[in-house]
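Trainee: Could you take me closely through a single part of this model and then follow its contacts outward into the rest of the chain? I would like one connected account rather than a list.

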Amino acid sequence: MPVKASLRLTEEHRSKLRHYLFPGDGREMVVLALCGARLAANHHIYCIHDIVEVPMGACTLRTSVTVRWDVRALVPVLERALKRGLWVLKIHSHPGNYERFSKQDDETDMELARGIEAILEREPCLLSAFMMPDGKTYVRIVGTTAGFTPVDQVVVVGEAVDRKSTRLN
């Protein structure tokens, strides 16, 4: 039986992500986060602990369909992940409403996973996501051996609990 996976975050986290990922210029942006994980036999739960903004100045290219950034922004995140046994979440925006991970996303996520796994000495340890302008978020687990595993649900906790299925067809 396949393992179910979900990402949990607060309404405050989602609001902060939307604000930073969609600065109003129609271009992609990227944010990092640290997540705790509860990995039970039949359900993996990832919870955002902290969001780390990638400075706009660290982005070497930002277009409506691409964001490239200096991975040195990842160093303090990796230090904290290593010290506390956390997962890294890389989330970027899709301002043009493209509701899929692109081929470019696949390539850069796998390259990033290789580097993070080498430093953290475990696999997998990377979550990758993209957010749409309406806040809908698609997430996957990235491992160099296992490849891409979709996260089934994003749960946002605020005054109410918002559960969204996020499995891409």
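Mentor: What follows begins with one strand and its two neighbours, and then moves to salt bridges, the cysteines and a pocket.

The model is predicted, and the part to look at closely is strand β8, which spans residues 137–143. This strand is mostly covered, with seven of its seven residues buried. In a regular strand the side chains alternate between the two faces of the sheet. In β8, T137, V139, I141 and G143 point one way, while Y138, R140 and V142 point the other way, and the residues of both sets are buried.

On one side in sequence, β8 is paired with strand β7, residues 126–131, through six bridges, and the two strands run antiparallel. Within this pairing, M131 is the residue that stands opposite T137 of β8. The two strands form a hairpin with five residues between them, and in the turn G135 has a positive phi of about 95°.

β8 is also joined to strand β9, residues 147–150, by four bridges, and here too the strands run antiparallel. These two strands likewise make a hairpin, with three residues between them. Two of the residues that point the same way from β8, R140 and V142, can be followed across to β9: V142 has F148 as its bridge partner, and R140 has P150.

R140 also leads out of the strands, since its side chain takes part in a network of salt bridges that links K90, D106, D109 and R140. Side chains of opposite charge can pair when their charged atoms come close. Within the network, the side chains of K90 and D109 meet in a salt bridge, at 2.9 Å from N to O. That pair links distant parts of the chain, with K90 in strand β6 (residues 87–93) and D109 in helix α3 (residues 103–120), 19 residues apart. Both partners are covered: K90 counts as buried at 6% relative accessibility, and D109 counts as buried at 0%. R140, as a residue of β8, is buried as well.

The structure as a whole holds eight salt bridges, and two others give a useful contrast in setting. The side chains of R80 and D50 meet at 2.7 Å, N to O, and this pair also links distant parts of the chain, with R80 in helix α2 (residues 75–84) and D50 in strand β3 (residues 43–53), 30 residues apart. Here, however, each partner is partly exposed, R80 with a relative accessible area of 29% and D50 with 26%. The other is a pair inside helix α3, where E107 forms a salt bridge with K103, the closest N and O atoms being 2.9 Å apart. E107 and K103 lie four residues apart, about one turn of the helix. E107 is partly exposed at 46% relative accessible area, whereas K103 is exposed at 62%.

Covalent links between cysteines are a separate matter, and a search of the whole structure finds zero disulfides. For C47, the closest cysteine sulfur is that of C35, but the distance is 7.9 Å, so the two are too far apart for a bond. C125 has its closest cysteine sulfur in C35 as well, and at 12 Å that sulfur is also too far for a bond. The surroundings of C47 and C125 can be read from their accessible areas: C47 is partly exposed, with a relative accessible area of 28%, while C125 is buried, at 0%.

Helix α3, which carries D109 of the network, also brings us to the largest pocket, where α3 gives the most to the lining, with nine residues. About 430 Å³ of space lies in this pocket. Its lining has 21 residues, of which W69, V71, T108, E111 and L112 lie nearest the centre. Strand β5 (67–69), helix α2, strand β6 and helix α3 each supply at least two residues of the lining. By character, the lining residues divide into 10 nonpolar, five polar and six charged.

Taken together, the route runs from β8, whose residues are buried, through the network that joins R140 to K90, D106 and D109, and on to helix α3, which gives the most to the lining of the largest pocket.

Technical notes
Residues numbered from 1 in each chain as written. Predicted model: local features only at pLDDT ≥ 70, side-chain atom pairs only at ≥ 80, totals over all residues. Heavy atoms only, no water. Buried < 20%, exposed > 50% of the residue type's maximum accessible area, 1.4 Å probe, protein only. Pairing = 2+ DSSP bridges. Disulfide = S-S within 2.5 Å. Salt bridge = Lys/Arg side-chain N within 4 Å of Asp/Glu carboxyl O. 1 Å grid on protein atoms, 1.4 Å probe; cavity = no way out; pocket = protein on both sides within 12 Å on 5 of 7 lines; lining within 4 Å. Points joined across faces, edges and corners; volume = space filled by probe spheres on them. Nonpolar A, V, L, I, M, F, W, Y, C, P; charged D, E, K, R; others polar.
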